[in-house]
Structures are given as structure tokens and as C-alpha cells.
Number of protein chains: 2
Amino acid sequence: MISANSRKRDSARMQVRRYVMDLLWQHAGEAYHLPSNKELADELGIARSTAQLELKLLIEEGYLTAKHGVGTFTVPSKMQQFRAPLIGILNGDGKTIYEPFYIVSLKSHTATELAKQPALIQEIRLFSERENDLATELRGIDCNALVCFNVSSAMEPVLRETRKFRPVITVDMRIDGIPSVELDRREKGRALGRALLAENRTNVLFIQSERYRATTFLGVRDVFTEAGHTLPDECFLLNTTEGLSELLESGFHPQAVAPSLETFEEAAQILREHDIDLNEKCRLATFMFKPRKMQEPVLLFDFPFEEFGRQTAKVVSRLLENPDQEAEHIVFKHNYKTTVV
Amino acid sequence: MISANSRKRDSARMQVRRYVMDLLWQHAGEAYHLPSNKELADELGIARSTAQLELKLLIEEGYLTAKHGVGTFTVPSKMQQFRAPLIGILNGDGKTIYEPFYIVSLKSHTATELAKQPALIQEIRLFSERENDLATELRGIDCNALVCFNVSSAMEPVLRETRKFRPVITVDMRIDGIPSVELDRREKGRALGRALLAENRTNVLFIQSERYRATTFLGVRDVFTEAGHTLPDECFLLNTTEGLSELLESGFHPQAVAPSLETFEEAAQILREHDIDLNEKCRLATFMFKPRKMQEPVLLFDFPFEEFGRQTAKVVSRLLENPDQEAEHIVFKHNYKTTVV
């Protein structure tokens with residue numbers, strides 16, 4: 001019931017917004033006198049308080065101006081900004097609360113590049129639970145294109161439905177029938193492999209999600225195999241430090257460890273506790289960042305967040321011009337730079 | 001009423017989250033068996049559906065794991081991530097829907113730098129209307145620090161109240177008693193002035209908000225005055241293209257125009273309509289970006305979004321270590337690079 005309320009509320013406010021935006025279009029260059037709050041609420045069949053709330057926001061945002069004792073008017077000079085497309089950003093099911101570096105950075109760089117269209121950007125929060133409700137809720141959001149991150153399998157049918165009404169694109173993953181932008185992660189693995197071999201580090205350990213076994217890990221293996229080194233499956237832990245202690249106690253002494261963002265500091269701590277020298281004998285490697293308080297050097301790769309954003313902005317730009325074009329799946333490469341910091 | 005519902009809902013979910021996070025702390029290194037859904041809901045005095053929803057999210061986020069037929073358990077390996085501070089990002093009154101480039105980019109770069117703490121980031125949406133309700137709502141949000149953008153005068157007392165309970169910082173503006181990070185905009189104006197004089201452009205026009213009259217504009221004037229040029233007040237339009245046509249028709253032929261983000265394309269169009277040559281005789285200047293479809297060259301300055309983020313992250317880092325330290329107000333300079341693109 002609460003979800004339904006939130007949804008209804010968003011949708012009523014959106015009606016007001018759309019109404020005002022239409023007026024701005026229809027009366028371009030003219031300060032158009034809006035109907036009264038009551039008339040507007042009656043016309044749209046919504047609560048007066050909701051109409052008032054959204055009009056107040058539109059005044060704050062400069063689309064409308066209130067002249068005391070006279071009424072509310074459109075602001076013609078805001079037309080230019082309005083002509084900018086509205087782009088929605090959706091992370092997962094729209095309900096995530098706190099987010100870690102990778103998704104914050106990926107979303108941020110993409111939003112920034114999209115805004116250079118120029119476009120106006122909204123991060124979408126969803127309240128519905130069921131597939132049909134989610135699709136209806138998404139359809140009710142006023143936007144010209146939807147850019148999605150971290151899509152779960154439950155959201156796939158919702159996005160397919162949404163795609164019938166407006167352009168949808170997925171970033172950093174691929175769903176059939178929906179345009180996407182991805183990084184060539186096998187190439188990323190090759191870059192990691194080359195950097196490790198350049199330092200003569202052949203005894204290496206990865207702590208990553210299953211997903212990377214079929215991508216980054218294979219790239220590292222390519223390079224290692226070409227150089228005559230083997231990379232057994234035991235070198236790959238599934239995004240947890242469980243088992244790391246046992247591995248170290250069994251006599252495995254890695255010359256390099258590439259933990260995931262989530263396991264980075266914990267892995268470092270466990271390695272230290274087992275007297276692994278992280279200053280020289282063993283090198284921590286990451287594509288993310290060096291945590292502020294870490295003393296030991298880290299092999300840092302530049303992850304192409306900005307390029308992700310630029311590639312996505314290009315695809316969205318083409319989709320806005322031609323929403324019906326066939327889904328294109330972009331897989332881009334990056335020329336990685338490494339530093340020991 | 002709807003606001004109250006949304007607020008209550010968020011707060012009940014937050015109770016569950018805090019409950020689980022506390023368990024993770026108290027039972028570090030242990031897979032702790034959670035009480036049943038019903039017991040948990042009764043204990044917290046919330047709806048069972050709400051408890052269920054949040055537990056489901058915590059399972060998806062990896063903090064909990066559900067063992068079929070046995071129950072729900074904490075995931076000890078998630079402790080590391082949990083130990084990261086939670087940082088809230090607040091734009092304006094937390095109700096903005098669509099946002100333009102400047103605020104998207106500023107927020108994005110700040111969030112990215114904050115996440116490198118490492119920290120978990122939440123963009124906060126607020127539902128309350130009145131000052132007291134807003135303060136209560138903000139207090140109910142589980143975060144270790146609050147980073148605010150675009151603060152309106154109505155939000156100032158709310159932030160002062162919030163500051164009693166956790167660190168608060170404002171970015172790109174200053175409120176007495178609350179730590180802040182700002183750019184030295186007068187220095188930014190000097191950089192703009194020097195770049196214009198280097199191209200012998202002394203007849204210039206600014207279309208900016210009132211705020212910049214006292215900052216950027218004064219910087220340009222510094223440099224122009226030193227070089228023996230005057231910069232009359234008529235060279236400054238208040239963030240609107242209204243009056244631009246009249247100015248051009250009155251015989252004013254600018255050699256450079258620095259429009260705001262919102263007026264950029266409209267100003268360019270009006271200049272073209274008045275046969276002002278934007279390729280050479282008149283130069284458009286911006287600290288933001290060149291719009292995708294613009295043909296003419298633009299004098300582009302690099303705006304220090306990343307440095308804004310780094311400076312903010314540093315202050316937040318110090319506040320997290322010592323929440324009671326006196327409010328510091330950082331004003332930083334930037335070494336601007338210009339390109340004609």
C-alpha cells in the first residue's frame with residue numbers, strides 16, 4: 001500500500017510537470033499565465049497539495065515564476081534547458097541505498113558524460129515490487145532515455161517492456177535486444193597479466209566474482225600461457241577471503257594478489273597476518289583505488305570510467321535521434337596505464 | 001500523509017538495516033543466526049512485510065545469506081565493507097528530479113572521491129516539507145557524514161540542526177558554523193580575463209547568475225583594470241538571454257560572450273541571428289563543456305570538478321576522525337587550462 005502511494009504521488013507530480021513543460025513548448029517565448037492551483041488540480045484530477053508542491057518545485061527550478069497577487073507564469077528563457085532531453089539513470093532495481101566505489105564511479109562518470117549532451121539527468125528510485133508494477137512505474141517516469149546499471153535477472157523483463165516505450169541501454173552488461181556498452185574484460189585481464197609478468201610475478205591469486213572467471217581471468221591466463229606459465233583454478237577465490245588463510249598456511253606464497261574492491265583491505269590484513277611482505281615480495285593489484293590508509297605500495301591500473309561514460313553517451317545520443325534503430329552492443333578496449341603507488 | 005508514509009517506511013527499513021549491521025559488528029567473524037521474520041518485526045515494532053523487504057535487500061547485497069529450511073545468517077566476510085563509513089549526499093532540499101550538467105558533474109566527482117575512502121555512498125531523497133520534519137527525517141537516515149550541495153536558505157537551519165548529530169559539510173557554498181569547500185571564483189575570473197586579453201578580446205559579455213557578479217566577474221574586472229580596460233556593468237546579464245537582442249541591436253558587438261550553462265545554446269542562437277561571427281570575431285567561452293551539436297569553436301576552460309571532489313573527501317576524512325573539530329572553510333585555487341575546441 002505504501003508503495004502504491006509513493007507511486008501514485010510521483011505520477012501525479014509528474015503530470016503537473018508534464019503539463020507545465022507542454023505549456024512551455026506550446027507558448028515558447030511567452031510568459032504564459034497558468035490556471036490557478038485549484039483549476040490545475042481539478043483538470044488533472046489530482047490533490048491540490050500535490051499540484052502546489054510540484055508548482056513550488058518548478059518555481060524553484062526556474063521554469064515558473066510567481067507574481068504576487070497576479071498568478072504563476074512560465075519562464076520563456078527556460079525553454080532552452082527544457083529542450084534538453086531527460087535521461088534517467090537506474091541502478092539495479094532502483095532500491096539500493098548505499099553504494100560502493102565501483103558503481104558510484106561508473107554511474108557518476110556516465111551521468112556526467114550524458115549531461116554534456118546537454119541533457120538533464122535523474123537518478124531513478126523505484127518503489128514497486130512486482131514485475132508488472134515495476135514496468136508501469138517505470139513507464140510513468142517522464143524521461144527520453146533510460147540508462148541501466150547492475151541489472152538483475154528479475155529486472156530484465158521489466159526493461160524489455162520499458163524498451164517498447166523509450167530507448168533503454170545497459171552499461172557494463174549485455175541483455176539480448178537492448179543496446180549495451182561493455183568493456184573488453186578479457187583484454188583488461190591481458191593488461192593485468194602483462195603487468196604481473198613484467199615484474200616477474202607468476203605465482204598470483206585472484207579474489208573476484210564468478211563473473212570475472214569467464215572474462216578478466218581468461219585474459220590473464222592467455223598472457224601467462226603464451227609466456228609458458230600455468231594458472232591453476234586454485235588461484236581464483238570467489239569474492240571472499242574465506243579460504244585465504246588455509247591457502248597461505250598450506251604453503252602457497254603469492255607474488256601478487258588481485259582482490260576485488262570488497263575484499264581488498266581484508267585480504268591485505270590476512271596477508272600481513274601471515275607475514276607476507278606486501279612491500280616487495282607480494283604486490284597487491286587493483287583497477288579501483290588505493291585505500292587512504294594503506295601503507296604498502298599497490299599496482300594501480302586506470303579503469304576507464306570516463307571512456308565508459310563517453311561510449312554510453314554516444315550510444316544514447318544515437319538512440320535519441322533514432323529510437324527504433326537496432327540494438328547495438330558496444331564492446332570497447334582500453335589502453336591501460338599502470339603505476340605503483 | 002503520503003510523505004509521512006514514505007518517511008515511516010524508510011525509517012522502518014533503516015531500523016532493520018541498523019539491526020543487521022549491529023549484529024555483524026557484535027558477532028564479527030561469525031555467521032550469526034537471525035531471529036525469524038516475525039520475531040524481528042515484533043521486536044522492532046514494524047510491519048512484517050517491511051522487515052521481509054529489507055532482509056531481502058540485505059541478502060541481495062551480500063550482508064545476509066538465507067539457508068533454505070534453516071534460516072537467515074550474517075555473512076562475516078561482509079564486515080570489511082561494513083566498516084566503511086556511510087556518506088550521504090544531499091542536493092538542495094532532496095527533492096530535485098532532473099539535474100543539469102554542473103550539479104551532476106560536481107556531485108558525481110565528489111561522490112567518486114568520497115567512495116575512495118573507501119566509503120559507501122547514498123544520494124538522499126527527502127519527503128518532508130517543514131523545517132522540523134526535515135531535520136527529523138535527516139536525523140533518521142543512517143549515515144556517518146552528510147555532504148550537501150546547492151543548499152537553499154530554507155535548508156540552512158535544517159543542516160545546523162543535523163550538524164549536532166553528525167558531521168555536515170557544504171560543497172561550493174559556505175554557511176557559518178558548517179565546514180565547507182569552495183573554489184576561489186575570483187581567481188577563476190582572473191583566468192577567464194587573462195585568456196580573453198590574450199586573444200585581444202576586450203569587448204565582452206557575461207550571462208551569469210547574480211552570485212558571480214561578486215566573484216568571477218570581479219576577477220575578470222581585476223585583470224581588465226590592470227590592463228587598462230574598463231568593464232561596465234552593462235556587460236553583465238542576469239542568467240537570461242532577455243535583453244541580449246536589444247543590446248546587440250543597440251550596436252554592441254561583443255568580441256567574447258561567457259554564457260551560463262543554461263543560456264549557452266540560446267545565447268549562441270541569438271548571436272547567430274544577429275550575424276555575429278562566432279568562428280572568429282566573437283568567441284564563446286565556458287567552464288563547462290561544448291554542446292555536441294555546436295559547429296563553432298568554443299574557448300573551453302577545465303573546471304576543477306575532480307579537485308572539488310578531492311578537497312571535499314579530505315575534509316570529510318578529517319571530520320570522520322574528529323567529528324567535533326572546528327568548522328574549516330576551504331577555498332582552493334586551480335591552475336586553469338584553456339583550449340579552443
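Two parts are in contact where their heavy atoms lie within 4.5 Å. This is a predicted model in which local features need pLDDT of at least 70 and side-chain atom pairs count only at pLDDT 80 or more, while totals for chains, interfaces and linings use all residues. Residues are numbered from 1 along each chain as its sequence is written, chains are lettered from A in the order in which they are written, and side-chain values use heavy atoms, with hydrogens and water left out.

**Exercise 1. Describe the interface of chain A and chain B, beginning with how many residues are in contact.**

Step one: 62 residues of chain A are in contact with 62 residues of chain B.

Step two: the two chains bury about 5,500 Å² between them, 55% of it on carbon and sulfur atoms, where buried area is the accessible area (1.4 Å probe) that two parts lose on being put together, summed over both.

Step three: there are 2 salt bridges between chain A and chain B, a salt bridge being a side-chain nitrogen of Lys or Arg within 4 Å of a carboxyl oxygen of Asp or Glu. A:Lys293 forms a salt bridge with B:Glu321, with the closest N and O atoms 3.4 Å apart.

**Exercise 2. Work out how the two copies are related, and which residue of chain A comes closest to the rotation axis.**

Step one: chain A is superposed on chain B by a rotation of 180° with 0.0 Å of shift along its axis, at an RMSD of 0.1 Å, using least squares on the C-alpha atoms of residues with pLDDT of at least 70 in both.

Step two: the copies are therefore related as by a two-fold rotation axis.

Step three: among the residues of chain A, A:Ser108 comes closest to this axis, its C-alpha lying at 2.3 Å. The same surface serves both copies, since 100% of the contact residues of chain A recur in chain B.

**Exercise 3. Within chain A, examine how domain 2 meets domain 3.**

Step one: the assignment, which is automatic or from a database, gives chain A domain 1 (2-81), domain 2 (85-178 + 308-332) and domain 3 (185-301).

Step two: the C-alpha centres of domain 2 and domain 3 of chain A lie 32 Å apart, and their contact takes 5 residues from each of these two domains.

Step three: these domains of chain A bury about 480 Å² between them, 62% of it on carbon and sulfur atoms. In domain 2, A:Phe101, A:Tyr102 and A:Asp172 lose the most area to domain 3, together 84% of what that side buries.

Step four: the rule finds 2 salt bridges across this interface of domain 2 and domain 3 of chain A. The side chains of A:Arg185 and A:Asp172 meet in a salt bridge (2.9 Å, N to O).
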